[in-house]
Amino acid sequence: MKSILSILVIGILGAWQTASAADIVGTITLKGTPPAEKDITPLMDNPDCAAMYNGKMPTTHFYVVGPNGEFADVVVSLKGVTGKSTGDSAAPAVLDQKGCLYSPGILAIQTNQKIIVKNSDTCIHNVHCSPTVDGNPAHNDVQMAGGPDLTYTFPKPEMFLKFQCDVHPWMFAWVSVFDSPYFAVSDKDGKFVIKNVPPGKYTVEADHRKLGAQTQDVEVADKDATVNFTFTVK
Ligand SMILES: [Cu+2]
């Protein structure tokens, strides 16, 4: 009886293990020297915005790269995985306007996940998003200093949906929308983690706003899978 019980327990544990999800982890590296970031001079010509910088010129952040090529702001996702969104019940994502810039400049959300746009500045902004995929609504809303947050949702997957400010023409954010929770944006160490991926074979796509997309195939079983990407500056 005892042995039957232990076989049962082992069997149940085994079934649980093969059915359990694992993470896809990796590091993104940039090879080569990216073009120098540009000074955002018009920001400093605007007294409201310049007041937040104490004379220190802000720059663009097209290539956020560490001393050893650690490459941030790469959007990593599972290509072609749709119909898996948990956006309805996911915590909202936050896009802030701070120092007359969007923060973060690269963001990823799920379909139907709330994205809350804040204005942390002491000046007015205008949130203007222009999707290119049918079914994703455009918005163009004035947001006063200290004004209430704006909340948007997008029902369709879209890469790099453009947010801009019509008051400050240098302000851009790029929001990628996925129909699943299986995505991540690489951090300042070039690391990413796509959590709780069900077992299976996937194509992992890494997409950088300036350098385009790469893919690699991976099989997820019962332990974490590693997929590293190297981008090269052309
Ligand atoms: Cu603005």
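Asn-54 counts as exposed in this predicted model. Its relative accessibility is 77%, and exposure is assigned because the value is over 50%. Asn-54 sits in the loop between α3 (47-50) and β2. The C-alpha of Asn-54 lies 46 Å from that of Val-81. Along the sequence, Asn-54 and Val-81 are 27 residues apart.

The chain as a whole contains three helices and 17 strands. Its C-alpha trace spans about 80 × 40 × 35 Å along the principal axes. Of the 234 residues, 43% count as buried.

Empty space was examined next. Such space is revealed by rolling a probe the size of a water molecule over the atoms. The largest pocket holds about 600 Å³. Its lining comprises 21 residues. Thr-60, His-61, Phe-62, Gly-105 and Phe-172 lie nearest the centre of this pocket. Two elements, β4 (101-103) and β11 (172-178), each give two or more residues to the lining. The top contributor is β4, with three residues. By class, twelve lining residues are nonpolar, six are polar and three are charged.

The second largest pocket holds about 200 Å³. Here 15 residues form the lining. Ser-77, Gly-80, Pro-157, Val-177 and Phe-178 lie nearest the centre of the second largest pocket. At least two lining residues come from each of β2 (75-78), β10 (158-165) and β11. The class breakdown is seven nonpolar, four polar and four charged residues. Strand β11 thus appears in the lining of the largest pocket and in that of the second largest pocket.

On the surface, Ile-124, Val-142, Met-144 and Val-167 make a nonpolar patch of about 330 Å². Met-144 belongs to the loop between β8 (139-143) and β9 (150-152). With a relative accessible area of 48%, Met-144 is partly exposed. It does not count as exposed because that class requires a value over 50%.

Charge pairing was then considered. Side chains of opposite charge can pair when their charged atoms come close. A search of the whole structure finds three salt bridges. One of them joins the side chains of Glu-205 and Lys-79, at 3.2 Å from N to O. Glu-205 lies in strand β14 (residues 200-208) and Lys-79 in the loop between β2 and β3 (93-98), so this contact ties together parts that are 126 residues apart in sequence. Glu-205 is buried, at 12% relative accessible area. Lys-79 counts as partly exposed, at 49% relative accessibility.

Another salt bridge pairs Lys-118 with Asp-149, at 3.0 Å from N to O. Lys-118 is part of strand β6 (residues 115-119) and Asp-149 is in the loop between β8 and β9, so the pair links parts that are 31 residues apart in sequence. This loop also holds Met-144 of the nonpolar patch. Lys-118 is partly exposed, with 30% relative accessible area. Asp-149 is partly exposed too, at 37%.

A further salt bridge involves Asp-189 and Lys-188, whose closest N and O atoms are 3.6 Å apart. Asp-189 has a relative accessible area of 37% and is partly exposed. Lys-188 counts as exposed, at 63% relative accessibility.

How values were computed: Residues are numbered from 1 along each chain as its sequence is written. This is a predicted model: local features need pLDDT of at least 70, side-chain atom pairs count only at pLDDT 80 or more; totals for chains, interfaces and linings use all residues. Side-chain values use heavy atoms; hydrogens and water are left out. On a 1 Å grid over the protein atoms alone, a cavity is a set of points where a 1.4 Å probe fits but cannot get out, and a pocket is an open set with protein on both sides within 12 Å along at least five of seven lines; lining residues have an atom within 4 Å of a point. Grid points are joined across faces, edges and corners, and a volume is the space filled by probe spheres set on the points. Helices (H or I, at least four residues) and strands (E, at least two) are DSSP runs, numbered from the N terminus. Ala, Val, Leu, Ile, Met, Phe, Trp, Tyr, Cys and Pro count as nonpolar, Asp, Glu, Lys and Arg as charged, and the others, Gly among them, as polar. Patches are made of residues with over 30% relative accessible area and no salt bridge: like charges are joined within 9 Å, nonpolar side chains (Val, Leu, Ile, Met, Phe, Trp, Tyr) within 5 Å. Accessible areas come from the Shrake-Rupley method with a 1.4 Å probe; for residues, only the protein chains shown count as cover. A salt bridge is a side-chain nitrogen of Lys or Arg within 4 Å of a carboxyl oxygen of Asp or Glu. Buried means under 20% relative accessible area, exposed over 50%, partly exposed in between (1.4 Å probe, protein chains only).
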